[in-house]
Amino acid sequence: MQKTGKKDGNDNSGRHQAGIHWILQLILLLVFCISAGFLYHHMVAIPKENRELAETLKEDFPGEQLPEDPSGEGQPAGEKSTMQPLVDLAALQDQYPDIRGWLTIPDTGIDYPVLQGSADDPEYYLHRNYKGEQDINGSLFLQWNCDVLEGENLIIYGHNMNSGVMFGNLDKYASSDYCEAHPTVLFQTVDGVSSYTVVAVLKADVSMFPFQQASFQDTDGLLSYITQAKALQLFDNGKILAADDVKQVLTLVTCSYEWNGARNIVVAVREPGA
C-alpha cells in the first residue's frame, strides 16, 4: 500500500509538471504570435498602406501628357525641362496646400509628395501623412525655410524606415555601385520637373557638415557647400563641377546610427537647363 501511495504521488507530480510545461509553451506561443503580428503590422501592413496612399495620389492626380521631343530641339536653352510631369501638382496643391513638390528617384522605391511645415511647427509632417493624419512613417518634408522655386539648397528629410518606405532606401547610396546605378533624382514643383545628379554621399552630423543651411550670402557659397560635402564623401563618384554649373542643390537627409546625431546625406545638383 505504501508503494502504491508513493507511485500515485509521483504520477500527480508528473502531471502537474506536464501541465506547467504545457502552459509555458502556450504562453510562449501567444507571445510569438503577438510579436509576429506586431512586426507584420509595422513592417508590412503599415508600409503597404503608406505606399498605396502615394500610389493612389498619383492615380488621382495624373500628370498632364506632354508632347514627346526626343531630340530636345524644341526646348529653348536655359528653360525648364519638358519631361513628363510626375503628377498634376496644381490640382494636388488645391486639395493639399502643404505639398510643395513630388520627389522621385527611379528604381529606388522613393516616389512621394514632399510636404512643408511652418516655422512654428517645422516637423509637423515627421509623423503625419499628406492628409495630416498620424502615421508612423511620416512624410518626406522640406525644411521650413526652403523656397522650392528660389532656394539654393532644398533640404528634404524623411524617416529611415526598416521597411524601406520614405527614405528607408537612402542609406543604400553608401554603396558606390548603387549610387552609380541610381544617379538621377527628379523633383517636380509648380515650375516643372527638374533633374538632379548625385554628386556626393556622406555620413555626417550638423557639427561636421552644414546640411541645414538653406541659403548662402557669398556668390560661391553653394559651390563651397558642395566642396565641403565632397571632402566628407564616402567615395569619389568622379563628379567635378564648375561654378557656372551649380544653381540649385537637393540635400536628402535621413537618420544613420553610427553615432548620436549621425545622418545619411545625399547631395544632388540640378542639371544645367533643368
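**Exercise 1. Strand pairing**

In which sense do strand S4 and S7 pair, and over how many bridges?

*Solution.* The model is predicted, and every value below is computed from it.

Step 1. Find the two strands: S4 covers residues 153-157, and S7 covers 249-255.

Step 2. Read the direction of the pairing. S4 and S7 run in the parallel sense, with five bridges between them.

Step 3. Check one bridge. Tyr157 has Val253 in S7 as its bridge partner.

Step 4. Look at the next pairing of S7. With S8, S7 pairs in the antiparallel sense, over seven bridges. One bridge to look up there joins Cys255 to Arg263 in S8.

**Exercise 2. The surroundings of S7 and H4**

Decide whether S7 is largely enclosed or not, then find what the buried residues of helix H4 pack against.

*Solution.*

Step 1. Recall the cut-off: a residue is buried when its relative accessible area is under 20%.

Step 2. Apply the cut-off to S7. Six of its seven residues are buried, so S7 is largely enclosed by the rest of the structure.

Step 3. Turn to H4, residues 221-231. Its buried residues are Gly221, Leu222, Tyr225, Ile226, Ala229 and Lys230.

Step 4. Compare the numbering with a general rule. An α-helix has 3.6 residues a turn, so residues three or four places apart point the same way.

Step 5. Find the partners. The buried residues of H4 pack against S4, S6, S7 and S8.

**Exercise 3. Two salt bridges**

How many salt bridges does a search of the whole structure find? Describe each pair.

*Solution.*

Step 1. The search finds two salt bridges. The cut-off is a side-chain nitrogen of Lys or Arg within 4 Å of a carboxyl oxygen of Asp or Glu.

Step 2. Take the pair Asp111 and Lys58, whose closest N and O atoms are 3.0 Å apart. Asp111 is in strand S2 and Lys58 is in helix H1, so this pair ties together parts that are 53 residues apart in sequence.

Step 3. Set the sequence separation beside the distance in space. From C-alpha to C-alpha, Asp111 and Lys58 are 9.6 Å apart.

Step 4. Check exposure. Asp111 has 24% relative accessibility and counts as partly exposed. Lys58, at 24%, is also partly exposed.

Step 5. List the contacts of Asp111. Leaving out residues up to four places away in sequence, Asp111 touches Ala54, Lys58, Trp102, Leu103 and Thr104.

Step 6. Take the pair Lys203 and Glu258, with 3.3 Å between the closest N and O atoms. Lys203 sits in strand S6, while Glu258 sits in the loop between S7 and S8; the two are 55 residues apart, and the pair links distant parts of the chain. Glu258 is partly exposed, with a relative accessible area of 47%.

**Exercise 4. The cavities**

What lines the largest cavity, and what lines the second largest cavity?

*Solution.*

Step 1. Start with the idea behind the search. Rolling a probe the size of a water molecule over the atoms shows where empty space is left.

Step 2. Count the cavities. There are two of 30 Å³ or more. The largest has a volume of about 90 Å³, and the second largest about 30 Å³.

Step 3. List the lining of the largest cavity: Asn50, Leu53, Ala54, Tyr112, Pro113, Leu115, Asn129, Tyr130, Gly138, Ser139, Leu140 and Met166. Helix H1 (2-60) and strand S2 (110-116) each give at least two of these residues.

Step 4. Sort this lining by type: eight residues are nonpolar, four are polar and none is charged.

Step 5. List the lining of the second largest cavity: Leu170, Asp171, Tyr173, Ala174, Val201, Leu202, Leu234, Asn264, Ile265 and Val266. Strands S6 (192-204) and S8 (263-270) are the elements that give two or more residues. S8 has the largest share, three residues.

Step 6. Sort the second lining: eight nonpolar, one polar and one charged.

**Exercise 5. The whole chain**

How many helices and strands does the protein chain have, and in what order do they run?

*Solution.*

Step 1. The chain has four helices and eight strands.

Step 2. From the N terminus on, the order is α-α-β-β-β-β-α-β-β-α-β-β.

Step 3. Add the totals. Of the 274 residues, 41% are buried. Among contacts between residues at least 6 apart in sequence, 64% join residues at least 24 apart.

Notes:
Residues numbered from 1 in each chain as written. Predicted model: local features only at pLDDT ≥ 70, side-chain atom pairs only at ≥ 80, totals over all residues. Heavy atoms only, no water. 1 Å grid on protein atoms, 1.4 Å probe; cavity = no way out; pocket = protein on both sides within 12 Å on 5 of 7 lines; lining within 4 Å. Points joined across faces, edges and corners; volume = space filled by probe spheres on them. Nonpolar A, V, L, I, M, F, W, Y, C, P; charged D, E, K, R; others polar. Buried < 20%, exposed > 50% of the residue type's maximum accessible area, 1.4 Å probe, protein only. Pairing = 2+ DSSP bridges. Contact = heavy atoms within 4.5 Å.
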